[in-house]
Amino acid sequence: MPDDILDCLVIGGGAAGLTAAVYLGRYKRRALILDAGGSRLQWIPRTRNVPGFPDGIEGPELLARMREHAHRYGTPTEQVTVERLHKLDDGSFRAEAQGRAWTARFVILATGARDVEPEIDGLRGAMKAGQVRYCPICDGYETQGQRVAVLGRAGHGLRESLFVANFGNTVTWLAMATQEEVAAADLAQLRAAGVLVADSPPHCISCGVDDVGVRVELQNGQVLEFDTLYPALGLHHSCELATALGARARKDGQLEVDSHQQTSVEGLYVAGDVAVDLNQIAVAAGHAAIAATAIHNRL
Ligand SMILES: Cc1cc2nc3c(=O)[nH]c(=O)nc-3n(C[C@H](O)[C@H](O)[C@H](O)COP(=O)(O)OP(=O)(O)OC[C@H]3O[C@@H](n4cnc5c(N)ncnc54)[C@H](O)[C@@H]3O)c2cc1C
């Protein structure tokens, strides 16, 4: 292979990509991170379930520390959005962005996932204030005893309502007029857990106005107030660079991998939210360690 070919290209510089970079750097491999700069870490007001931080740590600070950690071991970052990924005849990969190209023997795709967002003015501010939260696995513990709304259709919305009720909250499922689709047994389970169901779909949601955490105006004119809202509208795994190469993925974009995080495309590995339903920093780091070590052992 020519000298200018990298050992590994890491696409995405969030929790997974930066952890992969630490491992590759410490294995003395030539790696490069190409990152668009949109890590979901930056929206975490304070995470409290990352091992080693018993008092929690703010997402932006964790991101800064992870970047410093990756660069400490010599893996640089270029801030670009990769537009295309090609598999070349010799088995290596070429990534292209803004008229530039990088070639590597292996790729770790760590492009994350995107939440489907509700229409709320000032959504980012409400996320920072903890009025709108996306991940009850992450921060359901912090909601104990609150008035909580879950916005989502039958299936996901119903499951998340039950999950959040488990923290001793008063939960209202904003069912978006899908409650008719729910089986009688599931409705009975909701009732048993004390979950209320809003019959009328939401018309307008506002946060942080007049000291009210979340105000929801329903289409029938009723106004409800909550401390916290969990949107449960779904997630899209950012898998397009892999599926364009023929990598197998589920309908929602979650990529299929083997036990070493390799996709169905030889040499293309994935780590983090792009490859899993359990969107967690610890999981992203675990994936990255597995993928980086598997690649190191093949080089
Ligand atoms: C509000 C909120 C609170 C959360 N709280 C917690 C918590 O308390 N605990 C916890 O464990 N998890 C929490 N999470 C989830 C956690 O943030 C994610 O699981 C974690 O960031 C996943 O890491 P990742 O590297 O897979 O994706 P990300 O960290 O999102 O990084 C993906 C990176 O890839 C880049 N990228 C995408 N496409 C391209 C491209 N084409 N070219 C170049 N770069 C690209 C993106 O810009 C981004 O920088 C929370 C998430 C949110 C939104």
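Over how many bridges do β11 and strand β12 pair, and in which sense? I started my notes there, keeping in mind that this is a predicted model.

**Three-stranded sheet**

I found that β11 and β12 (residues 212-218) pair in the antiparallel sense, over 6 bridges. They belong to an open sheet of 3 strands, ordered β11-β12-β13 with antiparallel pairing. At its edges I have β11 (202-209) and β13 (223-226), each pairing on one side only. Neighbouring strands here are turned by 20° against each other on average, direction ignored. I also looked up who faces Ser 206: Arg 215 in β12 stands opposite.

Arg 215 turned up again when I went through the salt bridges. Its side chain meets that of Glu 225, 3.4 Å from N to O. Glu 225 sits in strand β13 and Arg 215 in strand β12, 10 residues apart. I checked exposure too: Glu 225 is partly exposed at 35% relative accessible area, and Arg 215 is partly exposed at 25%.

**Four-stranded sheet**

Next I traced an open sheet of 4 strands, with the order β10-β9-β8-β14 and parallel pairing. The edge strands are β10 (196-198) and β14 (228-231), each with pairing on one side only. The average turn between neighbouring strands is 25°, direction ignored. Strand β9 (residues 170-174) pairs with β10 in the parallel sense over 3 bridges. Within β10, Val 197 is the bridge partner of Trp 173.

**More salt bridges**

My search of the whole structure gave 17 salt bridges. One of them joins Arg 298 and Glu 266, with the closest N and O atoms 2.2 Å apart. Arg 298 lies in helix α8 (residues 281-298) and Glu 266 in the loop between α7 (240-243) and β16 (268-270), so this pair ties together parts 32 residues apart in sequence. Arg 298 is partly exposed at 36%, and Glu 266 is partly exposed at 44%.

I noted Arg 248 with Glu 256 as well, their closest N and O atoms being 3.2 Å apart. Arg 248 is exposed, at 52% relative accessible area, while Glu 256 counts as partly exposed at 37%. Glu 83, Arg 84, Arg 94 and Glu 96 are linked in a salt-bridge network.

**Surface patch and record**

Which residues make the nonpolar surface patch of about 270 Å²? I got Ile 137, Phe 163 and Leu 278. Phe 163 is in helix α5 (residues 156-165) and is partly exposed at 38% relative accessibility.

Last, I pulled the unreviewed UniProt entry, which lists residues 7-287 as "domain: FAD/NAD(P)-binding". Over that stretch I have 23% helix and 27% strand, with the end C-alpha atoms 18 Å apart.

Terms used:
Residues numbered from 1 in each chain as written. Predicted model: local features only at pLDDT ≥ 70, side-chain atom pairs only at ≥ 80, totals over all residues. Heavy atoms only, no water. UniProt positions renumbered as here; feature names shortened; annotations may be inferred. Helix = DSSP H or I, 4+ residues; strand = E, 2+ residues; numbered from the N terminus. Patch = residues over 30% accessible without salt bridge, like charges linked within 9 Å, V, L, I, M, F, W, Y side chains within 5 Å. Areas by Shrake-Rupley, 256 points an atom, 1.4 Å probe, with all protein chains shown as cover. Salt bridge = Lys/Arg side-chain N within 4 Å of Asp/Glu carboxyl O. Buried < 20%, exposed > 50% of the residue type's maximum accessible area, 1.4 Å probe, protein only. Pairing = 2+ DSSP bridges. Axes fitted to C-alpha atoms, helices over the stretch in contact; angles between N-to-C directions.
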